[in-house]
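The following report describes the fold, the interior and two loop residues of the structure shown here.

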Amino acid sequence: VTSTGGNNLIRTSIISGNLGNGIEIGGNANGVQVTDTAFGTNTKIQAPIPNSGDGILITGHAHDNAIGGFQPSVEPQVTASSNDQYGIAIVGSAHNNDVFNTYVGTSGFAIQNLGNRLGGIYLGPGTSSNTIGGAFDSLQNKILNSTDGPGVIIQSSNNNVLLQDQIQNNAKGGIVVLGGRKNQIGSAAAANLIDQNGQDGLYI
């Protein structure tokens, strides 16, 4: 998806087993919402059919796009699991994108372990002002079970916000921050739950 218009909705799909990424949102795309879609699993969202790249890749100058929503159908929420790279990767100059009410690394009802290999969510160099989670319980992401990496990586990325997320059982730690500035991880009113990870809960 590389359009610059708004009101693009991707809903109620299974996007799995592809040789690249499940979906790529790039160019100057904005106003794209992905809701109630699974990336890297079977139709029951219980077993792995990995994409060889990321489940969801947001790149280029893509901005003001939303991963998550509240339009449940046969799929309870966005699920990005079992992919060979990251569940969700935000790279390039992508900015002001939101990820909420999304399961990363687990099954549709958070029962089976379906970890992504490199990590759950990756915010790469040059990205900025993305929000992972939010101030309300309903916006919480579950970021679980990464097999070879941490739950969240922030690498030379600025002004991002992580609120109210559940980050557990990731092999290489909960949140790893490698450079960047003015990133907010939790607040008094919207704390993240970071525990039971294989290494540090938070590494800066």
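At 1% relative accessibility, N170 counts as buried, where buried means under 20% relative accessible area, exposed over 50%, and partly exposed in between (1.4 Å probe, protein chains only). The model is predicted: local features need pLDDT of at least 70, side-chain atom pairs count only at pLDDT 80 or more, and totals for chains, interfaces and linings use all residues. Residues are numbered from 1 along each chain as its sequence is written, and side-chain values use heavy atoms, with hydrogens and water left out.

**Two loop residues**

N170 is placed in the loop between β17 (166–168) and β18; strands (E, at least two residues) and helices (H or I, at least four) are DSSP runs, numbered from the N terminus. Its side chain reaches the backbone oxygen of I143 at 3.2 Å. With neighbours within four places in sequence set aside, N170 is in contact (heavy atoms within 4.5 Å) with residues including I143, L144, N145, S146, Q196 and N197.

K172 lies in the loop between β17 and β18. At 39% relative accessibility, K172 counts as partly exposed. Not counting residues up to four places away in sequence, K172 touches D148, G149, P150 and Q199. Its C-alpha atom is separated by 29 Å from that of E75, the two residues being 97 apart along the chain.

**The open sheet**

The chain has 0 helices and 21 strands. With a radius of gyration of 15 Å, close to the 17 Å that the globule rule gives for 204 residues, the chain is as compact as a globular protein of that length; the radius is taken over C-alpha atoms, and the rule is 2.2 Å times the number of residues to the power 0.38.

An open sheet of 7 strands follows the order β3-β6-β9-β12-β15-β18-β21, with parallel pairing. β3 and β21 (202–203) stand at the edges with a single partner strand each, so one side of each is left without a neighbour in the sheet. Two strands pair if DSSP finds at least two bridges between them. Three of the pairings are set out below.

| Strand pair | Bridges | Sense | Citation |
|---|---|---|---|
| β6 and β9 | 3 bridges | parallel | |
| β12 and β15 | 3 bridges | parallel | |
| β15 and β18 | 4 bridges | parallel | |

Individual residue partners can also be named. I58 has I90 in β9 as its bridge partner. Y122 stands opposite I153 in β15, and Q155 stands opposite L178 in β18.

**The interior**

The largest nonpolar core has 29 residues, and those with the most contacts inside it are I67, I88 and I121. A nonpolar core is a set of buried Ala, Val, Leu, Ile, Met, Phe, Trp, Tyr and Cys residues joined through side-chain atoms within 4.5 Å. Strands that each supply at least two residues of this core include β3 (23–25), β6 (56–58), β9 (86–90), β12 (119–123), β15 (152–155) and β18 (175–178). Beyond four places in sequence, the residues that I67 touches include I25, V34, I56, I58, V78 and I88. Apart from the largest core lies another, of 5 residues, among them L57, Y86, A89 and Y122.

Buried residues make up 51% of the 204 residues in the chain. Among contacts between residues at least 6 apart in sequence, 78% join residues at least 24 apart.

Technical notes: Polar contact = N/O pair within 3.5 Å; in protein donor to acceptor, adjacent residues only side chain to side chain.
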